[in-house]
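Visitor: Let us go through the labels one at a time. I want the reasoning behind each.

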Amino acid sequence: MHIVGAGPGDPELLTVKAKKIIDSTDVIIYADSLVSPETFSESRAKEIVKTSTLNIEQINMLVKKYYDEGLDITRLHSGDPSIYGAINDEIQFFNSNGMEYEIIPGISSVFAAAASMGMELTSPGTTQSVILTRVPRRTEHFENEELDILASHKTALAIFLSASNARAVTEKLIKGGYKGDDRAVIAYRVSWPDQKIIETTINGLEHSLFENRINRQALIMVGGNISYNSDKKSYLYNPDFTHLFRKSSKKS
């Protein structure tokens, strides 16, 4: 049993290990609303199951049926399964039923988005941290994780699953200390053929999403190097900086 991260969408962004497992597995069970069928177009799998209409109990029982038949099963999740993959419910079921499994990480859309934007998320002069979060609507609320509290740090923020709640995102970012004209980016279906990288502002988020008819499968990214410019250089390759493997070339 393999729980595999399918990456952001482009089949070429699968890890080598994920590709090998997908190609040789017997059964693929995948999140069809988020994972492209191209991801397993070269697989020899005889059974391919979509999960968009199934609940977790139905999915787990299906996995157990194939597991008890001795088949190799690949459970495909979009991005990286540890980020909003809801795999804990599966893991608990596997553990309670003595089922062996492994988890194969995938490339999260946040890193594919940074690549598409041609930028580094952690950059001297702006931020050394990245926060991955979401604005809850029907999901659980944590008071200490409210977006305005996280926004107050001005680190790079990747806000998942919140495109349909853009007004609340803007309000909380402003409450957290952002200005309405601070730069924001909407990354839609990153690495898919219809990918969009939309530059806007904090105040312009709701309009930009509406104008582009986007209400899901989008990341909202603000803060740090995304919203603010800095010409400060990294120490890592600075000729004047000494570290374990290289001495400064600066004459004393």
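Visitor: Is Phe160 buried or exposed, and what makes it so?

Guide: This is a predicted model. Phe160 has a relative accessible area of 10%. Buried means under 20%, so Phe160 is buried.

Visitor: Why is the pair of Tyr84 and Phe160 called tilted?

Guide: The ring planes stand at 55°. Stacked needs under 30 degrees and edge-to-face over 60. The value of 55° fits neither, so the pair is tilted. The ring centres are 5.4 Å apart, and pairing requires centres within 6.5 Å. This pair links distant parts of the chain, 76 residues apart. Tyr84 lies in the loop between strand S4 (73-77) and H3; Phe160 lies in strand S7 (residues 156-160).

Visitor: What makes Tyr84 partly exposed?

Guide: Its relative accessible area is 39%. Buried is under 20% and exposed over 50%. Tyr84 falls in between, so it is partly exposed.

Visitor: Why is the aromatic pair of Tyr30 and Phe40 called edge-to-face?

Guide: The angle between the planes is 65°. Over 60 counts as edge-to-face, so the label follows. Centre to centre, the rings are 4.8 Å apart. Tyr30 sits in strand S2 (residues 27-30), and Phe40 in the loop between S2 and strand S3 (47-50).

Visitor: How do you know whether Tyr30 and Phe40 are buried or exposed?

Guide: Tyr30 has a relative accessible area of 5%. For Phe40 the value is 9%. The cut-off for buried is under 20%, so both Tyr30 and Phe40 are buried.

Visitor: How many aromatic pairs does the whole structure have?

Guide: The search finds 5. Phe93, Phe94 and Tyr101 form one aromatic cluster.

Visitor: Why is H2 called oblique to H3?

Guide: The axes of helix H2 (residues 56-68) and helix H3 (residues 88-96) cross at roughly 45°. Roughly parallel means under 35 degrees, and roughly perpendicular 65 to 115. The crossing fits neither range, so H2 is oblique to H3. The axes come within 10 Å, and the crossing is right-handed. H2 contributes Ile56, Asn60, Met61, Val63 and Lys64 to the contact. H3 contributes Asp89, Glu90, Phe93 and Phe94. By class, the contact has 5 nonpolar, 1 polar and 3 charged residues.

Visitor: What makes Lys154 partly exposed?

Guide: Its relative accessibility is 27%. That is not under 20% and not over 50%, so Lys154 counts as partly exposed. Lys154 has a positive phi of about 60° although it is not a glycine. Its place is in the loop between helix H5 (147-151) and S7.

Notes:
Residues numbered from 1 in each chain as written. Predicted model: local features only at pLDDT ≥ 70, side-chain atom pairs only at ≥ 80, totals over all residues. Heavy atoms only, no water. Axes fitted to C-alpha atoms, helices over the stretch in contact; angles between N-to-C directions. Helix = DSSP H or I, 4+ residues; strand = E, 2+ residues; numbered from the N terminus. Parallel < 35°, antiparallel > 145°, perpendicular 65-115°, else oblique. Left-handed = near helix turned anticlockwise from the far one by under 90°. Contact = heavy atoms within 4.5 Å. Nonpolar A, V, L, I, M, F, W, Y, C, P; charged D, E, K, R; others polar. Phe/Tyr/Trp six-rings, centres within 6.5 Å; stacked < 30°, edge-to-face > 60°. Buried < 20%, exposed > 50% of the residue type's maximum accessible area, 1.4 Å probe, protein only.
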